[in-house]
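Please look over the model below before reading on. The notes that follow take up its sheet and its aromatic contact.

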Amino acid sequence: MKCPFCGKDETQVVETRVSEDGDFIRRRRQCMACERRFTTYERPDVSLPAVVKKDGRRIDYDRTKLHASMKLALRKRPVSTEQIDSAVERIEEKLLSLGVREIPSTRIGELVMRELKKLDKVAYVRFASVYRSFEDVDEFKTLVDEVRR
Ligand SMILES: [Zn+2]
């Protein structure tokens with residue numbers, strides 16, 4: 001890391017401390033050239049990737065929206081809000097684990113479908129039929145058959 005005083009990039013960590021609540025790590029560094037000390041903080045990067053829409057627009061990931069679209073697909077189905085919550089959490093974990101800055105909305109749609117498939121077959125077909133905007137009836141039929149199996 002570069003020294004903020006003289007700009008040389010030879011610095012040494014002289015002390016490392018975890019904050020009281022464990023939220024970040026604080027490091028004292030010393031510049032090998034000018035010997036001045038400075039502090040850096042290390043925090044987990046938990047920002048979710050931006051969503052790239054089909055038309056190329058970038059929007060912020062919106063948990064509420066994701067939750068709402070799953071809830072809509074699961075309307076009147078025997079699935080609890082808690083189950084939806086944990087499905088959303090699994091999707092977010094997956095998104096974070098990818099470690100990308102941007103993600104196509106279609107990829108998120110696929111993750112939603114995977115979760116719905118596990119939760120409720122009817123909701124899965126509902127979501128998929130809207131989401132995939134089927135080009136023909138046969139494709140829809142294939143999906144329904146797939147679910148029945
Ligand atoms: Zn320096």
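The points below concern a predicted model.

1. The sheet. Three strands make up an open sheet, ordered E1-E2-E3, and they pair in the antiparallel sense. Strand E1 (11-18) and strand E3 (37-42) are the edge strands; each has a single partner strand, so one side of each has no neighbour in the sheet. On average, and with direction ignored, neighbouring strands of this sheet are turned by 25° against each other.

2. The E2-E3 pairing. Strand E2 covers residues 25-31 and pairs with E3 through six bridges, in the antiparallel sense. One residue to locate here is Arg26, whose bridge partner in E3 is Tyr41.

3. The aromatic pair. How many aromatic pairs does a search of the whole structure find? The search gives one. The ring centres of Phe24 and Tyr41 lie 5.4 Å apart with the planes at 75°; planes over 60 degrees apart count as edge-to-face, so the pair falls in that class. Phe24 belongs to the loop between E1 and E2, whereas Tyr41 belongs to strand E3; the two are 17 residues apart, and the pair links distant parts of the chain. Tyr41 thus appears twice in these notes, as the bridge partner of Arg26 and as the ring paired with Phe24.

4. Accessibility of the two rings' residues. Are these residues buried, exposed or in between? Phe24 has 21% relative accessibility; buried means under 20%, so Phe24 counts as partly exposed. Tyr41, at 47%, also counts as partly exposed, because exposed means over 50%.

How values were computed. Residues are numbered from 1 along each chain as its sequence is written. This is a predicted model: local features need pLDDT of at least 70, side-chain atom pairs count only at pLDDT 80 or more; totals for chains, interfaces and linings use all residues. Side-chain values use heavy atoms; hydrogens and water are left out. Two strands pair if DSSP finds at least two bridges between them. Helices (H or I, at least four residues) and strands (E, at least two) are DSSP runs, numbered from the N terminus. Axes are lines fitted to C-alpha atoms, for helices over the stretch in contact, and angles run from 0 to 180 degrees between N-to-C directions. Rings of Phe, Tyr and Trp (its six-membered ring) pair if their centres lie within 6.5 Å; planes under 30 degrees apart count as stacked, over 60 as edge-to-face and the rest as tilted. Buried means under 20% relative accessible area, exposed over 50%, partly exposed in between (1.4 Å probe, protein chains only).
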